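Biologist: I'd like a close look at one part of this model. Please take one side chain as the starting point and work outwards from there.

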Amino acid sequence: MTKVAVLGSGKMGGAIARRLKLGGFEVSVWDRTRSKAEALGVGPVADSPAAAARSAEVVISMVTGPQAVRDVYFGENGVFQTASTEPIVDMSTIGPDMAAELQRGAEFRGVRLIEAPVIGSVPAVNSGSLLILAGAAAGEDLEAARPVLEQLGEVYYVGNRGSAASLKLVANSFLGIISTATAELMAAGTAHGLNPDEVFTILARFSPGLRVREAGFVKHSHEPTMFAMRDLLKDLDLALAFYQSAAPSAVPLTFLTRGLVAGVASKTPDLDISAIVNAYASDTTSVRQKQEVG
């Protein structure tokens, strides 16, 4: 039975740990908030990332953002403090700069690092249907972790390390743009008397992935959270920094989306990204009031 350590027990990390446990893997977990890791009830809870790595055959990290990854790997009692040669898989969304920093740290310590950000949220983890963007320096590194990753979804090899983190930012930029466009057209359509269910059905025809957030876009029910507004804002900021490094001002839609997301995230950071509908709530109300007066 393969021993897997999962570092990070948030929504995604917790779902990954549970999925692997159900798949027959021997799972241990670590989280900076120990009680969160203990609450999963999937296996032993390690005292540190280093301790978790020492007892595992495959290590998976899924934490929020570059600084959290830096702490997990380079910090006191971090993963890089061990002499482990087992494959380490980082599934966090961190952007290419942090990915390069992590890569340099892995090479310096002789660690087999696999970059593996994912497309999909908790429902995709639970059904084993994530799309895993896998980048590795050597094919055998990926093969060593493949049985674990395939329990979570489809492994899409993108070549050597470096591309996966950038591709994930492109994907989340598109998710942000689609979600914002959906919110805008839902508001515009319903303000002019169209049935919200019918508007959503049409939009979901073009983007079937919207279906997982139907309750949010149609009924304004944004919990439970699959992907928080604050995390989308973080990813859009990482994406804009990446795009500007090569072609400044070439992504006006992403800039506009970021501004709308920031406005909603400042008020309701922990709601699901379907809460982007709140960016249009006042406009919809205004249109309806004008119709009633007319």
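Is Tyr243 buried or exposed, and what is its relative accessible area?

Modeller: Keep in mind that this is a predicted model. Tyr243 is buried, because its relative accessible area is 14% and the cut-off for buried is under 20%.

Start with its polar partner. The side chains of Tyr243 and Ser173 are joined by a polar contact of 2.7 Å. Ser173 is buried too, with a relative accessible area of 4%. It belongs to helix α8, which spans residues 163-191. Set aside the neighbours within four places in sequence, and Ser173 touches Leu236, Ala239, Tyr243 and Thr254. So Tyr243 appears twice around Ser173: in the list of contacts and in the polar pair.

Now the rings. A pair of aromatic rings is described by two values, the distance of the centres and the angle of the planes. The structure has four aromatic pairs. One of them is Phe74 with Phe80, an edge-to-face pair at 5.1 Å centre to centre with 80° between the planes. Here the burial is mixed. Phe80 is buried, at 5% relative accessible area. Phe74 is partly exposed, at 27%. Ring pairs also bring in Tyr73, giving a cluster of Tyr73, Phe74 and Phe80.

Tyr243 has a ring partner as well. Phe242 and Tyr243 form a tilted pair, 5.6 Å centre to centre, with 50° between the planes. Why tilted? The angle of 50° is neither under 30 degrees, which would be stacked, nor over 60, which would be edge-to-face. Phe242 is partly exposed, with 27% relative accessible area, while Tyr243 is buried.

Go back to α8, the helix that carries Ser173. Helix α5, residues 95-109, comes within 8 Å of α8, axis to axis, and the two cross at roughly 160°. The cut-off for roughly antiparallel is over 145 degrees, so α5 and α8 count as roughly antiparallel to each other. The crossing is right-handed. On the α5 side, Gly95, Pro96 and Ala99 make the contact; on the α8 side, Ala165, Ser166 and Leu169 do.

Leu169 gives a handle on distance. Its C-alpha atom is 27 Å from that of Gly110, and the two residues are 59 apart along the chain. Gly110 sits in the loop between α5 and β5 (113-115). It is partly exposed, with a relative accessible area of 48%.

Helix α5 also packs on α4, residues 65-74, at an angle of about 10° with the axes 10 Å apart. That makes α4 roughly parallel to α5. From α4, the contact uses Pro66, Val69, Arg70, Tyr73 and Phe74; from α5, it uses Met98, Glu101, Leu102, Gly105 and Arg109. Tyr73 and Phe74 thus meet α5 and also belong to the ring cluster with Phe80.

Last, some backbone details in the loops. Asn77 lies in the loop between α4 and β4 (88-90). Its phi is near 60°, a positive value in a residue other than glycine. Asn77 is partly exposed, at 42% relative accessibility. His220 also has phi near 60°, and lies in the loop between α10 and α11. His220 is partly exposed, at 46%. Pro224 is found in the loop between α10 (214-219) and α11 (229-244). A cis peptide bond joins Glu223 to Pro224, with omega about 5°.

Definitions and conventions
Residues numbered from 1 in each chain as written. Predicted model: local features only at pLDDT ≥ 70, side-chain atom pairs only at ≥ 80, totals over all residues. Heavy atoms only, no water. Helix = DSSP H or I, 4+ residues; strand = E, 2+ residues; numbered from the N terminus. Buried < 20%, exposed > 50% of the residue type's maximum accessible area, 1.4 Å probe, protein only. Polar contact = N/O pair within 3.5 Å; in protein donor to acceptor, adjacent residues only side chain to side chain. Contact = heavy atoms within 4.5 Å. Phe/Tyr/Trp six-rings, centres within 6.5 Å; stacked < 30°, edge-to-face > 60°. Axes fitted to C-alpha atoms, helices over the stretch in contact; angles between N-to-C directions. Parallel < 35°, antiparallel > 145°, perpendicular 65-115°, else oblique. Left-handed = near helix turned anticlockwise from the far one by under 90°.
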